[in-house]
Amino acid sequence: MKKLALVVGSLLSSFELLAGNFVPVCLNVGDDRKAAVYDAVVKNSFVTQLDSKKAANLSEEDKNEIINDESEFLKKKIQSVDPSAKVAFIPKSLYQLFIWNLFLDELNQKESSEERLKFFWTEGWNRDATEYNNGIALKANSYGPGQGSCFGYMNRDAVKSYFWKINDSIIPFLDDISTEEVYSEINLRKITKKLLKDLPKKFEGIRKVHFDGQIGVLLEFLKSEYNDIVADLIVEESKAPENTYRIYTGEQVEQDILEGRDDNHSSSFSDGMFSGIIAEPMHAMAFGYALKCHHMKSVDLPKEELLNTKTDSFGIETFGLSVSIPPVICMGATVGHGEYFHVRIKVKADTLEKESSYISGVYGTASKKETPWYVTYSSPVENFWGRLELSSEKTYKLSNKKDLNVKTYK
């Protein structure tokens with residue numbers, strides 16, 4: 001395993017580089033270099049390479065490094081614009097908890113319930129992007145999950161600013177690790193449980209403001225009995241092979257993997273366990289839905305197939321993985337409202353009677369012309385679920401005499 005040096009002030013800590021799904025945390029970045037470093041993160045993260053045009057322009061050397069050694073690839077790109085920058089990596093689900101922690105802090109800083117509510121809607125969910133165009137949330141429009149809008153979102157000044165707020169809020173947690181320790185399972189659990197310990201009190205301060213009827217799942221999630229479970233799942237995420245990309249889904253009932261799945265339906269996933277925790281914790285967050293349904297699946301997708309999907313002359317996928325990952329950084333997947341931030345099984349091209357038509361399970365329009373990356377001529381649901389193999393399973397015992405079952409597929 002590779003090592004990297006992480007400087008926090010004058011403190012030098014040694015971290016073992018995490019494989020699998022991670023988000024970079026950047027240190028020693030001066031204000032005059034933040035724009036360039038942010039741009040390097042956005043342009044060179046694996047997920048933002050999933051635009052077929054961008055992937056086609058990658059050299060074979062870069063593509064191979066992105067697939068098998070993305071952390072080193074991204075670190076080199078960041079340090080090419082700021083040689084003094086130090087880079088650490090944390091699992092994306094842990095990063096999503098840090099976003100929620102910062103969001104609760106900022107809500108609690110508002111003096112009145114009216115001010116809190118205004119912040120929550122305009123800077124948090126941003127339901128009306130035309131009225132609040134500086135909001136941080138990712139807003140769906142009439143074209144559904146459009147790639148161009150994802151890149152437009154990441155170019156917002158408010159989004160760039162919030163990226164650094166999140167980044168800087170994580171650094172004190174890393175500072176707690178001594179110089180002799182590596183970034184081990186023990187430290188991952190320590191960071192996660194320390195973060196979770198403070199969340200109930202923060203949530204209590206703003207819970208009466210407005211959570212759109214979804215307060216129940218957040219209160220359930222914040223019970224201390226889940227702290228060890230969340231820490232364990234984050235550790236497991238950190239062990240995902242670096243040449244895979246992990247997504248999650250909660251399911252109401254266990255069933256045969258193809259039974260009852262509509263071939264034309266676009267099934268939804270969370271990009272990280274807590275994707276959607278701010279805007280839609282019940283309906284979009286895999287872990288939230290799993291707490292209600294007592295079952296969660298994680299799926300490790302091969303990066304190589306995601307990057308090397310073939311398309312025909314119309315830009316429609318001809319084979320490969322029938323799953324679409326919005327090309328937006330992890331921050332967008334966490335604070336998103338609407339459909340952009342969901343990982344989804346693609347829709348079948350021959351179900352689109354017109355150039356643009358409504359597809360069940362998609363809030364918006366799927367268009368062969370506007371979103372060719374989102375449709376396929378293969379059987380999307382069967383192609384996706386039929387290829388999976390169970391790689392591990394674990395059941396967690398809960399105090400309510402029900403279990404939380406977690407299965408990992410590849």
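The following exercises, with worked solutions, concern one sheet and its covering helix in a predicted model.

**Exercise 1.** Determine the strand order of the open sheet of four strands and identify its edge strands.

*Solution.* Begin with the pairings.
- Strand β5 (residues 244–250) and β7 run antiparallel and are joined by seven bridges.
- Strand β7 is in turn joined to β17 (residues 403–409) by five bridges, and this pair runs parallel.
- Seven bridges connect β16 with β17, in antiparallel fashion.

Linking these pairs gives the order β5-β7-β17-β16, with mixed pairing. The edge strands are β5 and β16 (390–397), each of which pairs on one side only. From one strand to the next, the twist averages 15 degrees.

**Exercise 2.** For each pairing in the sheet, locate one residue and the residue it faces.

*Solution.* Take the pairings in sheet order.
- Between β5 and β7, G250 has M296 of β7 as its bridge partner.
- Between β7 and β17, K297 stands opposite K407 of β17.
- Between β16 and β17, L390 has Y409 of β17 as its bridge partner.

In general, strands of a sheet pair through backbone hydrogen bonds, either parallel or antiparallel.

**Exercise 3.** Why is strand β7 described as largely enclosed by the rest of the structure?

*Solution.* The criterion for a buried residue is a relative accessible area under 20%. Strand β7 spans residues 295–302, and seven of its eight residues are buried, so the strand is largely enclosed by the rest of the structure.

**Exercise 4.** Which strands does helix α11 lie across, and at what angle does it run to β16?

*Solution.* Helix α11 comprises residues 227–238 and lies across β5, β7, β16 and β17. Relative to β16, helix α11 runs at about 165 degrees.

How values were computed
Residues are numbered from 1 along each chain as its sequence is written. This is a predicted model: local features need pLDDT of at least 70, side-chain atom pairs count only at pLDDT 80 or more; totals for chains, interfaces and linings use all residues. Side-chain values use heavy atoms; hydrogens and water are left out. Buried means under 20% relative accessible area, exposed over 50%, partly exposed in between (1.4 Å probe, protein chains only). Helices (H or I, at least four residues) and strands (E, at least two) are DSSP runs, numbered from the N terminus. Two strands pair if DSSP finds at least two bridges between them. Axes are lines fitted to C-alpha atoms, for helices over the stretch in contact, and angles run from 0 to 180 degrees between N-to-C directions. Contact means heavy atoms within 4.5 Å.
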